[in-house]
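Colleague: I should like to learn how to read a ligand site and a helix packing in a model of this kind. May we go through them in turn?

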Amino acid sequence: MCGIVGHVARSCSTRPLEVVMDGLSRLEYRGYDSAGVALTHGEVDDGSELTVVKAVGKLTNLRAALAETPTAPSRSAIGHTRWATHGQPTLVNAHPHVSMDHRLALVHNGIIENADVLRAELRAEGYRFVSETDTEVVVHLLDRAFHDADLPAWEGELAGLTGPDSDRGRALVAAMLAITPHLQGTYTLLALSEEVPGLIVAARRSSPLVIGVGEGENFLGSDALAFASRTTDAVEVGQDQVVGVTAEGIVVLDKEGAVLEPHHFSVDFARERATKEGWSTFMEKEIHEQPRAVAATIADRLDATGHLALDELRIPESILRGADKMIIVACGTASYAGLVARYAIEHWCRIPVEVELAHEFRYRDPVVNEKTLVVAISQSGETMDTIMAIRHAREQGARVIAIVNTPGSTISRESDAVLLTHAGPEIAVASTKAFTAQIAATYVLGLYLAQVRGNKYADEVEDYMEKLERVPEAIQWVLDRAESVRQVARSMADIDSMIYLGRHVGYPVALEGALKLKELCYIHAEGFAAGELKHGPIALIDEGQPVMIIVPTPRRPELHNKVVSNIQEVRARGARTLVVAEEGDTSVDEYAEIVFRVPRTPTLYMPLLTVVPLQIFACELAATMGHDVDQPRNLAKSVTVE
Ligand code: M6R
């Protein structure tokens, strides 16, 4: 939540503002309650200045504010796009926040949990607060330390800074090192001061920050996507580290101020393609990218001997063989991918699988030990609830396998094994291609474990993989019929609730369909296990109630026939029945008002197809209702606070 960008150059130009605004537009998915920038202009010798421009609402409002009052060329810039936690989405609460003398500015992602105590302390010393945010506490603390004559300056070098610039730069680094131990909670902080315009000082704890290495300029971002088109060379910032970034260099420090060797990694070039490419929304584009996302996720996993491999594995096979339980932790859509995975992994590996919402996991004192395999599923790799869950699991001795879409993300770094979903950047807040790629990745994981644990022979694994490789084509088949789903959605703009029913692997699909409708259309939607219908939910059915039913293949009559009965039961009580059913399954025709077809595919792989009409339906209904499909109200793409 909240996107942060920074840029520092050798001399003043329009580039810092351009880079930061472009970065913010790439990170706007992280929050869009307000946005703002702070810029330093001029040189210390002939009078430097700080400008702050902010606007409430989406980035387009900040663009308009900047167009109305153009800023002077700048040497460095920081920017922020906000998802409000402390304080309403108003102008005063928008970042950057500034010191009382308006010479120091700071942006923040995270939550300072002891802000109230620190605020009271600062107030007693005469500091005045204008906002309701926790962040304003940090800017005053930093300013106080920066101007504390008794605080010894940090002793190292900041490349390119000389004379008074260097002295003030080292004082700002020392100030950041001095205040961070007093902050409780989570943060990524970026600060700049007009007293040292060629420097950005940053720090992080449990919120993301990466640095992009340029030539004669450097970049900072919550996500490498912020600067992916500008450099491929990135530097990781670890937990509790502080960095000083000038145009000429980057110093990474541990919390005591010792210089660390920077850890470089390459920014994935595919991330550059984060544009709509002719589609009117990212969500539509991403729905249609699913055949490629699934294909890329399962591609090249089998070696010449028919054995599967993960991307990074730091778990001995003996531990995988000895594991007696698996717990999948995730949130939202990713947790539904986990629910689908359970059916396949238990069936293939004969290991008990629990699926738990990451934010519930550690608070119930789960039974976890060195024989437990924990699988964390996350598109962003930065979901704080999931990060805290895997930390808890590792403390209990469990090994953690991450399924993430973002290489280099916190979850991938903190796990013992990584399986990447190659879905490419997912920009729309509502997850689509990440979901299907996550399911595909869990199948790879399940087959990998079945192979290692001796539950499946190599030829059986190959057989399952071959069938999985045919799924992208089947998804394309569903997408080729998208217009019929869109037409139905356009005709239903008057609905005010929707019920989703599914059985077996169709049940998590029902939950996901309902979530898509809630987040995009802002109407009440609920997914139920179809078998639960008569245990209560059927009371919700009255004349005209729309019900979407995901029907299993007729080749599994023990599942199929019961769901067909459910269609009849709700139909008999006046429901409008929309049905997702396999091509050729005529048994539903008599009871379904509308049928969306999917091609024949193995039962366990069906969610990869049946979810697609539900995604298209929610996307089109939201567009018909006039909602912002890519940036639904109140949401942010990555939930980086608990
Ligand atoms: O980045 P993650 O996969 O960890 O995010 C988890 C959820 O916040 C996410 O799936 C959310 O539910 C989506 N907006 C749903 O469309």
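**Reading the ligand site and its surroundings**

Modeller: Let us start with a single polar pair: an N or O atom in the side chain of S380 lies 2.6 Å from an oxygen atom of the ligand. Please bear in mind that this is a predicted model.

Colleague: Which polar backbone atom lies 2.8 Å from an oxygen atom of the ligand?

Modeller: That atom belongs to S431. In addition, K516 places a polar side-chain atom 3.0 Å from an oxygen atom of the ligand.

Colleague: How much of the ligand's accessible area does the protein cover?

Modeller: On its own the ligand has 420 Å² of accessible area, and the protein covers 90% of this. Two elements give two or more residues to the surrounding shell, namely helix 9 (332-349) and helix 17 (506-521).

Colleague: How many residues surround the ligand, and which are the closest?

Modeller: There are 14, and the closest are S378, Q379, S380, T383 and E519. Sorted by class, the shell comprises seven polar, five nonpolar and two charged residues.

Colleague: How should one describe the packing of two helices?

Modeller: Two quantities serve for a packed pair: the angle between the axes and the distance separating them. In this model, the axes of helix 9 and helix 17 are 8 Å apart, and the helices pack at an angle of about 170°.

Colleague: Are helix 9 and helix 17 roughly parallel or roughly antiparallel?

Modeller: An angle over 145 degrees counts as roughly antiparallel, and helix 9 and helix 17 are therefore roughly antiparallel to each other. On the side of helix 9, the contact is made by G332, T333, Y336, L339, V340 and Y343. Helix 17 contributes Y507, P508, L511, E512, L515 and K516. By class, the residues of this contact are eight nonpolar, two polar and two charged.

Colleague: Which backbone features deserve a look in the loops?

Modeller: One is the cis peptide bond that joins H95 and P96, with omega about 0°. P96 lies in the loop between strand 4 (74-82) and strand 5 (97-98).

Colleague: What is the phi value of S206, and where is S206 found?

Modeller: Phi of S206 is near 60°, which is a positive value in a residue other than glycine. The loop between strand 8 (196-205) and strand 9 (210-213) holds S206.

Conventions. Residues are numbered from 1 along each chain as its sequence is written. This is a predicted model: local features need pLDDT of at least 70, side-chain atom pairs count only at pLDDT 80 or more; totals for chains, interfaces and linings use all residues. Side-chain values use heavy atoms; hydrogens and water are left out. A residue is near a molecule or strand if one of its heavy atoms lies within 4 Å of it. A polar contact is a pair of N or O atoms within 3.5 Å; within protein, one must be able to donate a hydrogen and the other to accept it, and residues adjacent in sequence count only if both atoms are side-chain atoms. Accessible areas come from the Shrake-Rupley method with a 1.4 Å probe; for residues, only the protein chains shown count as cover. Helices (H or I, at least four residues) and strands (E, at least two) are DSSP runs, numbered from the N terminus. Ala, Val, Leu, Ile, Met, Phe, Trp, Tyr, Cys and Pro count as nonpolar, Asp, Glu, Lys and Arg as charged, and the others, Gly among them, as polar. Axes are lines fitted to C-alpha atoms, for helices over the stretch in contact, and angles run from 0 to 180 degrees between N-to-C directions. Angles under 35 degrees count as roughly parallel, over 145 as roughly antiparallel, 65 to 115 as roughly perpendicular and the rest as oblique. Contact means heavy atoms within 4.5 Å.
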